[in-house]
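Q: Could you take me slowly through one part of this model, looking at how charged side chains pair up and how far they are open to the surroundings?

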Amino acid sequence: MRKSEKKLRVKLLKRALDLAQSGISVIPVQGDSSPQQPKRPAIKWRPWQRRIMNEAELRSAFAGDASALGIVCGRVSGLLVVDFDDHLRYRRFCRHLPRLAASYTVKTRRGYHVYFRTSERVPSHQFDGGDIKGERSYVVAPPSVIAGFAYKRMNREKVLQLEKLDLDRLLNHFHEKGLGHQLAVQSVAAELDLAALYRRLAPRIGRNKALYRAASVGRDRGMTAVDVEGRLNALHAIEVARSGHKPENYSERLREAAATVASAFSRGYGYSGEAGLPNSVREKLLAEQRSTVLARLLDAMALAGWQAESCFSMSQAIELGGRYGLNRKSVMAGLTGEFSIFDGRHIIARRYVEYLDIGGLNAGRRGRPVELIFQTPSAGRLLAVLELGATPSDRLTAGDLKSAHAYRLALHREYIRRLTPRTSLKFLADRLGVDPRTVRRYNRELSLKSTACVARLELTWQRLFCLPKRARRDVHSITPGYWLETRDGYRAPAWRHIAAALLKRGETGLQVCMQRVSKWSSSRESVAAVRYEHVSVEEFLRLRALRHGKAEAGVLRRGLGKFLHGAKMFAGRIAYEKLRLSFDSVAARIAEDKTAESIAGFLFAHDLNGQEVRRPARRGIAYRMLKEFGEGNVFLALRHTVGERLASVAGELPRDVELLTSGELLATAML
């Protein structure tokens, strides 16, 4: 352990003991010890939502690899934390509620944490631009360091105690008016104001991009190309172009608009109610959660026509889940349970709703005026929370959501049908969150057939550097994934000394074979069991580097460097051809200074003291050196190209010479 890490952990333990003595529940967080999920708790933290650790428990909890500190919010600590991810939202909060904003504040990687003390029970939920951290939540606190950023205190103020009136004022600041009365699910076929969207985007990103984006939105919401053209083409034709754009008449603009809309509709559908989730979201949820619950629930919302950002209650979600094979417990786990959070953030946004007495609509309400509702997540939110890129969506049916088996089988079926991929079983299993044996069972159900692909490279004495040397630390005598094969079918491990012995014995037709990923096919016709592919030296080295990772790539680069050095020494120690220059020969030897050609060499001469003077090989510089040092004393050192040297040393065929020259060394293939 480095000294800085040890010092940080001592500070974390000391801070945790101080907070526990002041009545605040703390937990260890992974931090930089787990770069993929730095905000994940290092222990099971559910018990500490109800009580505070004692000193012995704290020392034991922080004795591991955790390098960050988490503070548990809610009634156990008497804390409520407002987590701002948007700087503008935080500034608006400071402007509207300056007294509350003066409470204890911590600077985070993306925004700010504002701490408050309260004895009220406040459920954790989200608002536009951040989260309210209440019951069953925690926040990363100073002096934690994550990805090089140190959480630090922003002011010297104490944590402000909130009375009930202050708490209501704080929560109502993030409350959207009328949200509690808009629980009805909107239809995907809701009317879209594409013209307003186009007018808003055109000044910022340009007319054509705005038209393409607006047409894509209309396409994804179920509109036809004719409807989109009717709403946007005429508007696009009269929109003012940016300065510097060539002038076009009205008919030309209409033709351009029709072509842009046709291009948007030719790209296929993105995320919509009918299409379902982006494939990257499905695969991330299945791989991380090892469960289909949340992915099936989100796909069920899309199939039922729930529009993005529309609101729904828990009872509505349970009723929806029942229609698509999800029981009550599974739906609750996806909304508020173990499958609802990723990296400390709610996947499905929650809203804290105050029942406001507007026109007597809520006159009959009893008890605390609070209800927890949810918002149907948009594709953009899902991709942002899960930190993914946009991908298309495979269309599923209601029958594909009836069970976990049917859901995974449908995703596997659509992936094979869409790509007919050359993919390993491990990759297919990882994207579904299952074991490779399960994928084999899916293949039997779908009647899929595989063709084993083998790459072949004919070995010569000059190509022995492609094979590894067996070191003493290599316990196994095999080379997994690739082997040597003779003309009569004899196989042996692909070690360099074995290949050299076979070549020395006069073995002809010796080849090194490498197992490549299989090719999957849904065709019912008979397919070959094995498919052989001849590859070049460059491609073989690339495949070997990809198979064994960065460490193997480094070994290959060093081995290739030794090979090139040996070739250079074999060709001779003189690396440059020495050409004497005169005023008459400069034009023939060196191109004009204004051309893009460059000389693989340099100019040199000797001054009056006998010292060598080197300068770039440019025509103008050559003339100046001839005037300065005189004819007969200026030389051009012209370097031979690497391709010519390797061709002369290795004796390759002309086809291979072209490959070596155009590849700019084989080492580039291993990067």
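A: In this predicted model, Lys284 counts as partly exposed, because its relative accessibility is 23%, and a residue is called buried only when that value is under 20%. The side chain of Lys284 meets that of Glu288 in a salt bridge, with 3.8 Å from N to O. Glu288 also counts as partly exposed, because its relative accessibility is 40%. The two residues belong to helix 10 and stand four residues apart, which means that about one helical turn separates Lys284 from Glu288. The general background is that an α-helix has 3.6 residues a turn, so residues three or four places apart point the same way. It also helps to know that side chains of opposite charge can pair when their charged atoms come close.

Helix 10, which covers residues 279-289, also holds Arg282, and here the partner comes from another helix. The side chain of Arg282 forms a salt bridge with that of Asp299, at 2.9 Å from N to O. Asp299 lies in helix 11, residues 293-303, so this pair links distant parts of the chain, its two members being 17 residues apart. Arg282 and Asp299 are both buried, whereas Lys284 is partly exposed, as is Glu288.

These two pairs can be set beside others, since a search of the whole structure finds 18 salt bridges. Arg505, for instance, forms a salt bridge with Glu507, and their closest N and O atoms are 3.3 Å apart. In this pair Arg505 is exposed, because its relative accessible area is 59%, while Glu507 is partly exposed, because its value is 21%. Elsewhere, salt bridges that share partners join Arg99, Asp166 and Arg169 into one network.

Charged residues can also be considered as a group on the surface. Arg200, Arg204, Lys209 and Arg213 gather there in a patch of positive charge, to which helix 6 (194-205) and helix 7 (207-220) each supply at least two residues. Arg204, which lies in helix 6, counts as exposed because its relative accessibility is 58%.

Helix 3 adds a view of buried and exposed residues within one helix. In this helix, residues 87-96, the buried residues include Arg89, Tyr90 and Phe93. They cover an arc of only 100° around the axis, which means that they sit on the same side of helix 3. The face turned away from that buried side carries Leu88, Arg91 and Arg95, which are exposed.

Note on methods: Residues numbered from 1 in each chain as written. Predicted model: local features only at pLDDT ≥ 70, side-chain atom pairs only at ≥ 80, totals over all residues. Heavy atoms only, no water. Patch = residues over 30% accessible without salt bridge, like charges linked within 9 Å, V, L, I, M, F, W, Y side chains within 5 Å. Areas by Shrake-Rupley, 256 points an atom, 1.4 Å probe, with all protein chains shown as cover. Salt bridge = Lys/Arg side-chain N within 4 Å of Asp/Glu carboxyl O. Lys, Arg positive; Asp, Glu negative; His and termini not counted. Charge placed at Lys NZ, Arg CZ, Asp CG, Glu CD. Buried < 20%, exposed > 50% of the residue type's maximum accessible area, 1.4 Å probe, protein only. Arc of directions from axis to C-beta.
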